[in-house]
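Reader: Could you walk me through how the labels on this structure are earned? I would like to set each value against its cut-off.

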Amino acid sequence: MSARVLPERPLPGHAVCLDLRTAGAYDPDAVVRAALDAPQPGGERRFLVLDEADRLVSHQLLYERLSSYGPAHIVCLAVEVRGERSVRRTLTLRPPAAGVLWVFGTTEEGVPAEAVLRPLVDVLSTPEVFDAVLRALGEVVHGVAVPAVRVLEHDLTDEARARAWRQAVEGLTGPEVPAGTASADQVPPALALLLDEGLPRSLADHRWLPAQGRAGLRLATCDEAVQDAVDGYHRVRGAAGLLTGAGRTVDLPGDIERVAGELERFRIAVADAFAAAGGSRLTVEHRGVLRDRGIELPEMPREISRAGIVPALRDHTHELIGKGLPLRSVAARLAALSARTAPVGSASRLARLDAICGPERLRRLGGRYPFTAGGSRPVAFAVTGLLALLAGVWPVLGWVLGPAVGVLAAGLAHLMLRRRPNRSPDGRIDGGGAAGAAPRLFGGVLGGLVGAGLGQFLGLPLWAGAVALVVSVAAVVLLALRDWSRAVDDWWARADPEDAWRILREVQSLVVTTAVHDWLFAEVRHHCSAGAGAVARLLRGLADTADAHGRGPSPARGPGYAYAPSAESDDAAEGGFRRESAGPPVPDSGTSSWSWEDWDKGADDVWSDMDEELPSPVRPSAPPANGSPYASDPFGPSDPFGPSDPFGPSDAFGASDPFGPSGPVGPAGPFGTSAPSDRDPAAAGGGAAWAGPAVGPEPVPAPAWLERRYGDGGPLLVDTLVGDLVAGTLLILDRCWAGIERDPGAVVPAVHEERIAELLDETRVRLERDVAASPPPRYDGLRDQDALAGLAAFTDRSDRPDAARLTGVAPDAVARLVLAEDDPARTVALCGPEHMRLLSHDPLAARQVRFVPEAMRRGAAGDDIWRGIAEDVVWTGAGRHAGILRLVPLRADVVHTVRAEEAGEP
């Protein structure tokens, strides 16, 4: 068997391919067992078997075993080896369940057999083409036909494929970003309650500090002391406080000192509660400790619960991914959320408590501030002198009344100083002060004498002097009351005892915040922090795995046949990989274009060498010693899919080996590297050996019937790949939420990293196979269908772009080929001119299958191109090949059916 002919890995929904040509290398029974173990969806069992034409009968039991486990459809690709002129097959390979395609010419000049068979296997393994070919074989004589093919292949250049894959992986993972911060307006409501330190509505009326508790008593005492100080201030600041004895019983400094003391004791009580219940988890013992210290905790509010955290995290993660953020950006935001919601215990609130009600603030509250009244001294001197001058204009009496007004102003200033509010009645506390009595006295005496002299000179009437005296005395008294009130207010503002109320409110708010978020929500916050951290680490691990796994060498591409000469090969120029489109067939090449009129020409020449054995097609030489099917393994000596097998237990293909356990086949498996057959001339006589994708220095020509068209990638290629990877990542995360709900610390990133490796492999295989035109395999194991309902655009990948927008290659050539009228000359028969006498003479007996990938007709442009398409075109769901497969039946005497009793053992 040759790993270069069969697909590198079985494709979901495609026919299972197996190769029975090199039975000497391993037990053929193991090949059949592995093929039978390969799961096929929908109960449909399709097998595409490569065999040598002269071994169909000897392998009878193998074919019977393929169809022994229920209905099975088999298409056998029989390769002519020894120049046979007839084919013998068993009853098992008869229609309608089976058919045989006899391939005579598998070699062309400079084109190895594998380069001819591999694209043919790719086409026939597609389920739609497989079924159409089997139906067509059922309509030809004996169900045996020779294929004539013309195929167009639309693909990407190696550079475009590598660039698109690199950009897709980068679009999935993203660059490293700082963690940043998490805000309440960017997360679901269930998580926002943990970030904004708000109070749930159901707890708005709860009394956190009951009056009978220790902290509640301190709070009430402090509040009462502040109220007493405020009441004394209001009694002192008016006229009664200055002119009567109402303020003599008020001790404002003592009240303020008591406020500072009670506030300090309340702070100590709260700090003691914070330190005593400083754990990150609330227990019954913690509730008792807090109750003893005067803090009463309610039950958990209905707005939040532990059970709702992981669903909220899941919705938040899906929302971030739905916005197009790469994995590392999502991980950074979840890490910030984890750090923000991590419970740190109430002891961490002590620093905030000290900032609110620390020693510095208490010292400022209890400080002694001087009492300053009377305003500016020069102004007081001038104003008092002016008023005394006005009172002294009374003739004769002005010499007494003028200076008396100055004495009155100085006396009121002295009274302010005696009754200043910053002095205790007993003199224990005195902040000192000044009222400006001396400037008023000197100004008043001087102004009164000047006024008396002026009044004596003017000789004003008595009523004018009386009016001036009244106005002067009233102004002195009113100005004194104004200065008193202003001075008291100024001192009160500097002392600011009412700040204690603000401190009490802030401390109460801190107690409520601590009680809710550090005690009540401790378990929920721990669960949220652990869950967000687990998802962040998981996403970061997935991104790292995607970078390490996805940016490595790409796997062997479907059409990438690299052909390097072996050491024994004489022609070292045959190796390489061909990128150009194949030109029309050369008339005298081994596999040429033919017509019905050519059959009778040269008949003698054709039949004259019936007894001569044609050269056998070139076979692969022995595999290299490193176990790889290639002379130079593109992935190095390790497993091409890394340490995590894409066909692990979680994959749809079951065991690590894509076709089941290796069993007797050995480590390589029946679908791994093959050893040369005893009938392989290349093994015995040298020849060319395969060296893996794109290894050979020279491009290998494609078969004459295969035309390759390469594009540089369409505008939607990268976006489609990123969308597929994002959808697969969401499905990987879907498996994680239940484990995170149970125990976030128990999440094993390695398991999910294996799954993203499988996702990358699967996506890369589809990129290699049909440029991601086919959707990812459907996943029906969602644990929570509703969770991803809002992300249908990301998880439902069935709507695919057309092939032109993926490859950058227009489908015009495919449309011209498929829409053209039937012309046998357009196809290339896989036989030489010497085999044409074996074919049927009836031109109507041939059957034709036209096949085009569905992706080539999607899109508005495709609708115009494919208008008027024939009804018999087979639209395939996947693949990069489109073309015509013509089945030409053989003559009736060329096919022989061997019954079971005549067949030998395999």
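**Aromatic rings and other labels**

Author: Happily! Tyr233, Trp491 and Trp492 form one aromatic cluster. This is a predicted model, where local features need pLDDT of at least 70, side-chain atom pairs count only at pLDDT 80 or more, and totals for chains, interfaces and linings use all residues. Residues are numbered from 1 along each chain as its sequence is written, and side-chain values use heavy atoms, with hydrogens and water left out.

Reader: What makes two rings a pair, and how many aromatic pairs are there?

Author: Rings of Phe, Tyr and Trp (for Trp, its six-membered ring) pair if their centres lie within 6.5 Å; planes under 30 degrees apart count as stacked, over 60 as edge-to-face, and the rest as tilted. This rule gives 5 aromatic pairs. One of them joins tyrosine 233 and tryptophan 492, with 4.3 Å centre to centre and 15 degrees between the planes, and is stacked. Tyrosine 233 sits in helix α7 (residues 214-236) and tryptophan 492 in helix α18 (residues 462-495), so this pair ties together parts that are 259 residues apart in sequence. Helices (H or I, at least four residues) and strands (E, at least two) are DSSP runs, numbered from the N terminus.

Reader: Why is tyrosine 233 called buried or exposed?

Author: Buried means under 20% relative accessible area, exposed over 50%, and partly exposed in between (1.4 Å probe, protein chains only). Tyrosine 233 has a relative accessible area of 10%, so the residue is buried. Tryptophan 492, at 5%, is buried too.

Reader: Why is the pair of phenylalanine 274 and tryptophan 519 called edge-to-face?

Author: The ring centres of phenylalanine 274 and tryptophan 519 are 6.0 Å apart and the planes meet at 70 degrees, so edge-to-face is the right label. Phenylalanine 274 belongs to helix α9 (residues 252-276) and tryptophan 519 to helix α19 (residues 499-520), 245 residues apart. Phenylalanine 274 counts as buried because its relative accessibility is 0%, and tryptophan 519 does so at 2%.

Reader: What makes alanine 738 buried, exposed or partly exposed?

Author: Its relative accessibility is 31%, so alanine 738 counts as partly exposed. Alanine 738 is in helix α24 (residues 737-742). Between alanine 738 and valine 310 there are 8.6 Å in space, C-alpha to C-alpha, although they are 428 residues apart in sequence.

Reader: And why does serine 529 get its burial label?

Author: Serine 529 has 10% relative accessibility, so the residue counts as buried. Serine 529 is part of helix α20 (residues 522-550). Contact means heavy atoms within 4.5 Å; leaving out residues up to four places away in sequence, serine 529 touches Ser338, Thr341, Ala342 and Pro343.

Reader: How do you know that the length of helix α25 agrees with its expected span?

Author: The expected span of a helix is 1.5 Å times one less than its number of residues. Helix α25 (residues 749-770) has 22 residues and should span 32 Å; its end C-alpha atoms are 31 Å apart, which agrees. Of those 22 residues, 17 are buried, so the helix is mostly covered. Just after α25, valine 771 takes a positive phi of about 55 degrees.

Reader: What can you say about the protein overall, starting with its helices and strands?

Author: The protein has 29 helices and 16 strands, and 54% of its 906 residues count as buried. Among contacts between residues at least 6 apart in sequence, 86% join residues at least 24 apart.
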